[in-house]
Amino acid sequence: MRNLLLAAAGLLVTAAECASAQPSPEPLTLADCIRMAQSAPSPVSLARQERDIAARETTKARAGFLPQSRLVNGFIYNSPLLYNREMFSHLPLNGIREYAFLFGVDQEFDTSGRLRADLTRARVARDLAGASLAMTERDLKRAVTTAYYRALLTRRIARIVQDALAESQVFEKRTKLLFGGGEAAQADVVKASAQTAFLEQALNAAELEATLASQELASFWTREVAEPLALAEILDGDPPAPESPATLPAPFLKRLEFNLLEAQRRGFQADARRARADLLPQLGAAFQYGLDSTAVRIRDRGYAAFVNLTITIFDWNKARAAIQQARLKAEQVETSRAISERAFSAEYQSALARVKRLFEQISLTRRQAKLAEDDLRLSRIRYEGGEGLALDVVTSQNQQAQARTNYYTTMANYLNARADLEVASGR
């Protein structure tokens, strides 16, 4: 029994050591977050389903060109006349009892162009669904990117405030010691204590903002949003330089929105051809083979062929109005395209300008943060030597925290601006 207990204890210790030796999870990069968001149920999943649904419409439209066959089995009872039990009462029928076992084939010849217009419309619907899917994937990627950079920035700001609070607490403790020795005024202690209280409240708000940002990012792929996320720190490194402007005169014309507009235009053109088909002759044929008799006798079998040609004579201008409606909708798409070109051109130029200016601001804010750090150090030295004021130290603390916040905010804004430029460039 004792040996069993010792063995069990050894296993527990070994398991604990193995658990402690397990490596921590790798920090999530932006690509990891995008991949998990795309694999989880999302608007992208719905857009994929819509694309698959639209693809089935093409199969249905193609089936219209093929012969349609069917097997019809039926029985009809027609009551006899009251004064003659051998004669059926309803003249359109063929007898008192009628049995039908018919194999039929129907074929429609697209002389009017209706079937071709239906097929084109189905293909356009498939292209529309594909363009919508691509736009949804792009928008999801952009949303995850924004949430990722926001999570990094809010965490960094929380650490900046935490560092400033630690610095303020040290200074507050020092002023209290100097005040106890008669080397500092009570006003210095009040200023230092007020600064500490202010930073404690700021830290509380910054940590809340960081928690909310992390939950927003995690909600793209999981319900367990309260679990902490390990994110790869990219705000401390050197930012990538802005790319050279595109050599194309109008790179924004490659945006997915124009694919959507083009598909809409082709769809309305197909609607116009479909409406025009109602004015043209349509030819159809049918063939039947089997039994249609008053008795079930195989020798009564036979076949029949039917040919029909439908010609529209007068429809009160219904088809012409539908054609005009479809053409006007196509013109409306052209107008929307012209409006979009102007709007997307302005968006592209704005994205270029933001990327350029924010990249220049990064070096300025980095220099500002370094100067603020030196100013705080010198303010502390002057105060310790009795040559400076506590107010100077408190002001320097605020300036250093603000300068560091400005630097990381500019860095996050620059990375977001690059992502906006990718969208504006149609990439």
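**Threonine 58**

I began with the contacts of threonine 58, leaving out residues up to four places away in sequence, and found that threonine 58 touches Leu119, Ala122, Arg123 and Arg126. I am working from a predicted model here, so please read every entry with that in mind. Threonine 58 itself is found in helix α3, which covers residues 43-63. Is threonine 58 buried or exposed? I looked up its relative accessible area, and at 2% threonine 58 is buried, because buried means under 20%.

**Serine 42**

Next I went to serine 42, which is found in the loop between α2 and α3. I noted a relative accessible area of 12% for serine 42, so this residue counts as buried too. Which residues is serine 42 in contact with, once neighbours within four places in sequence are left aside? I found Ala37 and Leu140.

**The sheet**

Then I turned to the strands. I found 4 strands in an open sheet, in the order β1-β2-β3-β4, with antiparallel pairing. Why do β1 and β4 each have one side without a neighbour in the sheet? They stand at the edges, and each has a single partner strand, so one side of each is left free of a neighbour. I also noted the turn between neighbouring strands of this sheet, which is 25° on average, direction ignored.

I took the pairs one by one. β1 (68-77) is joined to β2 by 10 bridges, and the two run antiparallel. In that pairing I picked out arginine 70, which stands opposite glycine 104 in β2.

How many bridges join β2 to β3? I read off 11 between β2 (residues 97-109) and β3 (residues 282-293), again with the strands running antiparallel. I marked two facing pairs here for a look on screen. Alanine 100 stands opposite aspartate 292 in β3, and aspartate 106 stands opposite alanine 286 in β3.

**Tryptophan 316 and asparagine 317**

After β4 (302-310) I followed the chain into the loop between β4 and α7, where tryptophan 316 is found. Asparagine 317 lies in the loop between β4 and α7 as well. I checked the backbone because most residues other than glycine have a negative phi. Tryptophan 316 has a positive phi of about 60° although it is not a glycine. Asparagine 317 also has a positive phi, near 60°.

Which of the classes buried, partly exposed and exposed fits each residue? Tryptophan 316 has 72% relative accessibility, so I put it down as exposed. Asparagine 317 has 46% relative accessibility and therefore counts as partly exposed.

**Glutamate 227**

I looked up glutamate 227 next, and its place is in the loop between α5 and α6 (256-277). With a relative accessible area of 48%, glutamate 227 is partly exposed. How far is the C-alpha atom of glutamate 227 from that of aspartate 52? I noted a separation of 35 Å, for two residues 175 places apart along the chain.

**Largest pocket**

I then went through the pockets. The largest pocket holds about 220 Å³ of space. I counted 13 residues in its lining, and Leu30, Lys141, Thr145, Ala419 and Glu422 lie nearest its centre. Which helices each supply at least two residues of this lining? They are α2 (30-39), α4 (114-180) and α8 (390-424). By class, I wrote down 6 nonpolar, 1 polar and 6 charged residues for the lining of the largest pocket.

**Second largest pocket**

The second largest pocket has a volume of about 180 Å³. Its lining also has 13 residues, and I noted Glu183, Ala184, Asp188, Tyr383 and Gly388 as the ones nearest its centre. At least two lining residues come from each of α5 (186-218), α7 (318-384) and α8. How do the lining residues of the second largest pocket divide? I have 6 nonpolar, 3 polar and 4 charged.

One last jotting for anyone scrolling through the model: α8 supplies at least two residues to the lining of the largest pocket, and α8 does so for the second largest pocket as well.

Definitions and conventions:
Residues are numbered from 1 along each chain as its sequence is written. This is a predicted model: local features need pLDDT of at least 70, side-chain atom pairs count only at pLDDT 80 or more; totals for chains, interfaces and linings use all residues. Side-chain values use heavy atoms; hydrogens and water are left out. On a 1 Å grid over the protein atoms alone, a cavity is a set of points where a 1.4 Å probe fits but cannot get out, and a pocket is an open set with protein on both sides within 12 Å along at least five of seven lines; lining residues have an atom within 4 Å of a point. Grid points are joined across faces, edges and corners, and a volume is the space filled by probe spheres set on the points. Ala, Val, Leu, Ile, Met, Phe, Trp, Tyr, Cys and Pro count as nonpolar, Asp, Glu, Lys and Arg as charged, and the others, Gly among them, as polar. Buried means under 20% relative accessible area, exposed over 50%, partly exposed in between (1.4 Å probe, protein chains only). Two strands pair if DSSP finds at least two bridges between them. Axes are lines fitted to C-alpha atoms, for helices over the stretch in contact, and angles run from 0 to 180 degrees between N-to-C directions. Contact means heavy atoms within 4.5 Å.
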